[in-house]
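Visitor: Could you take me through one part of this model up close? I'd like to hear about a sheet and how its strands are put together, with whatever surroundings help me place it.

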Amino acid sequence: MPKEEGMISSLKFISTKINLFPVATIKVFGDAINPSIPSKTLLLSKKDTASWVVKKMLDKYGLKHEDPKKYSLIQIIIPPRYQMDNKAIKEIILLDEECPLNICLNHSRRCQGSIIFKVIKCPPEYSQLLKQETTSNRSQILSIQDRTIHDQLCMFFEINQDGTDLESPRVFKLYRDTTYVGRDPKSAIGKQYFYIDGSGIDRDHCTIQNQNGIVALIPRGEIWLNGKRVTTTFLLRHGAVIRFGRNTKFCFYDPQVVQKSKLMPGQIKQENADRSAPYGSLPVLTMNGGDKANDFQSRASYIRPKKTSTINVVEKESKIDVLPGLLEVFAE
């Protein structure tokens, strides 16, 4: 019996014959809370809600006295790499009563890509909306579109060493100005810090500059771009594969490229065909002066007009269809 089928059978046995909630372990990312501790693993059942996950994560990160209302649990859906040019990474804030395990069980990784969960500081715009709504009508008023983050920031998402998709990849968002990359926990205090602890990673491995939508990487340690070792500053382009050290690989995602490809697919395709430089590599960026691309739209988060949609709330005796690879089911 295949491994995935075995896990599904075990889960059904727990829920139908013993009449208990199915349980599974899920990796929840918390590097927005503490960059040096990227994630924690939680044991969840179908009765555990997003608000419970936030409280549990704060406790595991030593912040049990923090107000959980200041934090949100988000789901991030990363499309398969072959769809990256025309399908966006989606970040959706979960309602307090939504169930992460329910969402996982109803998510088709083959069609929709990977799904992960992450605890972040609650966006100010979303906090303002919450103050205007009551708990009783929140699920009807705040649709998925209302809760989708549209800050248009570039990201790194982790991939396997052979370039294939991970089942639960780490996702790191690149904010404006300087992001420091390395494995020094002390350097993460008070900075935009991308913590990587792997083979060949230096304490001060590299820095990343995000200025007016132009993202440049300045190597200090071992950096590989699309399979080639680089030692000088270079621009990051959508789809570029970066290897930090010996075996830690990330793919660079630029939402502006995806947005343009949806609006003008023919023009973008022709532009990409006309480029002579390898995909993901550009000449050295002059940080002081030089030509700059036109400013993109504001990168601040905003809330889109409201639309009704279905949400995954906690339901008893829910039918189980899909069990993605990020879950490990206990048979007892």
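Guide: Here is a walk through one open sheet, followed by a helix and a few single residues elsewhere in the chain.

Keep in mind that this is a predicted model. The chain has 332 residues, of which 46% are buried, and they're organised into eight helices and 17 strands. Take the contacts between residues at least 6 apart in sequence: 63% of those join residues at least 24 apart.

Now to the sheet. Six strands make it up, and reading across you get S7-S6-S16-S15-S12-S13, with antiparallel pairing. It's an open sheet, and the edges are taken by S7 (171-173) and S13 (228-230), each of which pairs on one side only. Going from one strand to the next, the twist averages 30 degrees. As general background, strands of a sheet pair through backbone hydrogen bonds, in either a parallel or an antiparallel way.

A good place to settle in is S16, which covers residues 248-253. How many of its six residues are buried? Five of them are, so this strand is mostly covered. One neighbour of S16 is S6, residues 155-159, and five bridges link the two in an antiparallel run. If you want a landmark on that seam, look for Phe156, whose bridge partner in S16 is Phe252.

The other neighbour is S15, which pairs with S16 through four bridges, antiparallel again. Here the pair to find is Ile242 and its partner in S16, Phe250. S15 and S16 form a hairpin with three residues between the strands, and in that hairpin Gly245 adopts a positive phi near 75 degrees.

Step on from S15 (residues 241-244) and you reach S12 (residues 223-225); three bridges hold this antiparallel pair. Ile223 is the residue to pick out, as it sits opposite Phe244 of S15.

Away from the sheet, helix H2 is worth a stop. H2 spans residues 50-60, and its buried residues are Ala50, Val53, Val54, Met57 and Leu58. They lie on the same side of the helix because the arc they cover around the axis is only 135 degrees. What lies over them? The cover includes strands S1 (23-29), S2 (39-45), S3 (71-78) and S5 (114-121), along with helix H3 (100-105). Just past the end of H2 there's another glycine to note: Gly62, with a positive phi of about 75 degrees.

S3 also leads to a polar residue you might like to see. Gln83 sits in the loop that runs between S3 and S4 (90-93). Is Gln83 buried or exposed? Its relative accessible area is 16%, so it counts as buried, the cut-off being under 20%. Its side chain has a polar contact, at 3.2 Å, with the side chain of Tyr82.

Last, a word on cysteines. Cys122 has 11% relative accessibility and Cys154 has 0%, so both count as buried. As for disulfides, the structure holds zero.

Notes: Residues are numbered from 1 along each chain as its sequence is written. This is a predicted model: local features need pLDDT of at least 70, side-chain atom pairs count only at pLDDT 80 or more; totals for chains, interfaces and linings use all residues. Side-chain values use heavy atoms; hydrogens and water are left out. Buried means under 20% relative accessible area, exposed over 50%, partly exposed in between (1.4 Å probe, protein chains only). The arc is that of the directions from the helix axis to the C-beta atoms. Contact means heavy atoms within 4.5 Å. A disulfide is a pair of cysteine sulfur atoms within 2.5 Å. Two strands pair if DSSP finds at least two bridges between them. Axes are lines fitted to C-alpha atoms, for helices over the stretch in contact, and angles run from 0 to 180 degrees between N-to-C directions. A polar contact is a pair of N or O atoms within 3.5 Å; within protein, one must be able to donate a hydrogen and the other to accept it, and residues adjacent in sequence count only if both atoms are side-chain atoms.
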